[in-house]
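Could you walk me through this model in my viewer? I would like to know what to select, step by step, and what I will find there.

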Amino acid sequence: MATLSLDKVSKRFGETEVLHGIDLEIADQEFVVFVGPSGCGKSTLLRLIAGLEPISGGTLRVNDADMTRVPPARRDIAMVFQSYALYPHMDVYENMAFGVRILGLTKDEIDGRVHEAARMLQLEPLLKRKPRELSGGQRQRVAIGRAITRKPKVFLLDEPLSNLDAALRSQVRLEIARLHREIGGTMIYVTHDQIEAMTLADKIVVMNEGRIEQVGSPRELYETPANAFVGTFIGSPKMTLVTARREGRRFSLSDGGAIEADAPADAKGDVMLGMRPDALTLTRDRTAEGFEAETVYTEYLGNEAYAYVRLADGTMAAVAVPPNEDYGPDEPVRVQARSGMLHFFDPESGRRLRHGSLADERGDFNRVEQARR
Amino acid sequence: MFGMRITRRGLWIACLIVPPVLVLALFTVYPIVTALGYAFFDWNGAAQGDFVFLQNFRDVLFREPFATWTRNAFLHNIVVFAVLMVVQNGIGFLIAYALWRNLPGARFHRVAVFLPVVLSTIIVGFVWKLFFNPLFGLVNQTLRAIGLDMLAQPWLGQSSTALGALILVNAWHWIGFPSLIYLAGMQRIPGEIMDAARMDRDSELSILRRIVWPLIAPSATIVFILTFIGSFNWFELPYIMAGVDGSPYGSTDVLGLYFYRTAFGNQSAGTQDFGHGSALAVITFLFIAVVAGFWTVHLRKREIEL
């Protein structure tokens, strides 16, 4: 049972401010993922919540109790580290029991908790092993087990999957989702992998340069990114951004062709278009309306394929193409947009333009989705 | 024969290995072996006498007055070792921890603590002899200046304080060494393990005892073994500060001085006794080698790969 509340939390290292007044509310039982490019401050924010770094300004509350100056071991928070950080001189049992001992439980209660966690993570046969006798995946499970035995209010996970190989990674990802369902608890998870973020999160916090860019469900972030940064950060291949001139329904690149699209009324003059690969189509018909482009290469992934094309202004754009269509390099093509699937941003601030037209953007998106099926 | 062919590579390796092996043989192996040989003979001054087999060993261990002198010196070595383990290594550990935690001024102190280590023992010995001078020495003058006149002692001149004073000088001289070794060990502990420990425990002492200390076991092995060897080989500092007789009245006598005095003579009794001296040297060497060997094996078992 834990809600977290950050109020204007900031962090300075000497003269450099790395987190600028973070405001964030996290609900009980919520699975929150912090994502962002490296150096955006997501790990630092996690360490502030853990208490491993002192908070320079603002307040951190857990269940309305001020935790800003409470030492880490007394915050009722457990953390899973990127390197697992198991104690190399202790066996698995001791690693899991060490942190529990501070809670003032009896020996039997501690023993019960360790065995409960070990059972949940299939660690029971390994309890007498030392960390160096374990595989990477097993170490990872011990690190998670160590957090579980504490029965903390909040779990913090700092890129917990980044040291695992790809096959194990998706397996442990499912495991973490299952654990969250089983044991509940509020979880905060830091990653730079947007697949982890999209699949695990109830709520994603996108960070950039020490600020929160947007907070929302995976669907909200994908469908209505608050700005161009979030638009390009969430979704793979990346959303293409081009600045085009609007005339009515036409958006044209200077000497690069034009596309037609419905747009919000406040998109006037120059507009930044955000085009995801599935919002675009290619045609070889050079007389057709559309952005002029040249193919560069094609990524064939079996059930899907992406053509990368260079627009007249030099921008590279990823376009979802039917996997059975084959594009060679340097083919002149036209890029067309699916109406209703484009995003419009202010070219100066990068902020989403949303006023004055489509009253319900979600409704519009769903309509398009249905039309595609 | 194929196996014996001389190759360029082989020559190179030989060129690199032969000189150090020769030096080692000449200055380490040869003296040890000759000392062992000398110990089995009766000596008259520098003249080799009869082969007496273990008689010299029996003399220094069991025959008076040698036996008392040996016991006296050996007990002093044990005191030196015990006090250095606690004072020099204990304080060294605390200093290392303070430097590691980056307490204010850590950069300055990192250098300052290690500075005495680079001083020659001769210099340290003479300077501290001046400091301990009962009349104008720094130690007593400071004590008098802060009103502790009754604590002002002739530190090196009385049996009750001389050995203690020497040990403290040694600790002052070498404190930077255990500090440096411990600090290096602490710096090898991954940051995330310390973070995990801070999430698990809020008592600094508990983290120090349960996490830091076990993880710097390799440093402790080095420090303990070198302290042991150094304590039982202790010679220069007592020689300079207390003289070859371990004055006053043998209260600072240690195996190193006793051996030197026996083998090469002292000012008052100019006799040289290579036989008993060599026996002492051999016994000391065997004692150090055997104990250090077993102890190293034992300490190694605590060590954990990070």
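**Stop one: a proline in chain A**

Select Pro54(A) to begin: this residue is exposed, because just 10 other C-beta atoms lie within 10 Å, and a residue counts as exposed at 12 or fewer. Keep in mind as you look around that this is a predicted model.

Now show the backbone on either side. Pro54(A) sits in a loop of chain A, with helix H1 (42-50) before it and strand S4 (57-62) after it.

Next, add Thr281(A) to your selection and draw a distance between the two C-alpha atoms. Pro54(A) and Thr281(A) are separated by 227 residues in sequence and by 51 Å in space.

**Stop two: the annotated stretch**

Select residues 4-234 of chain A, which an unreviewed UniProt entry annotates as "domain: ABC transporter". Colour by secondary structure, and you will see 35% helix and 26% strand over residues 4-234, whose end C-alpha atoms are 25 Å apart.

**Stop three: where the chains touch**

Which residues should you pick out here? Select the 18 residues of chain A in contact with 16 residues of chain B. On the chain A side, these are 13 nonpolar, 3 polar and 2 charged residues.

**Stop four: chain B**

Finally, hide chain A and look at chain B by itself. Chain B has 14 helices and 2 strands, and its C-alpha atoms fill a box of roughly 80 × 70 × 35 Å along the principal axes. Chain B has 306 residues, of which 31% count as buried. Take the chain B contacts between residues at least 6 apart in sequence: 68% of them join residues at least 24 apart.

Key:
Residues are numbered from 1 along each chain as its sequence is written. Chains are lettered from A and ligands numbered from 1 in the order in which they are written. This is a predicted model: local features need pLDDT of at least 70, side-chain atom pairs count only at pLDDT 80 or more; totals for chains, interfaces and linings use all residues. Two residues are in contact if their C-beta atoms, placed from the backbone, lie within 7 Å. Ala, Val, Leu, Ile, Met, Phe, Trp, Tyr, Cys and Pro count as nonpolar, Asp, Glu, Lys and Arg as charged, and the others, Gly among them, as polar. Helices (H or I, at least four residues) and strands (E, at least two) are DSSP runs, numbered from the N terminus. A residue is buried if 20 or more other C-beta atoms lie within 10 Å of its own, exposed if 12 or fewer, and partly exposed in between; C-beta atoms are placed from the backbone. UniProt positions are given in the numbering used here, feature names are shortened, and annotations may be inferred rather than shown by experiment.
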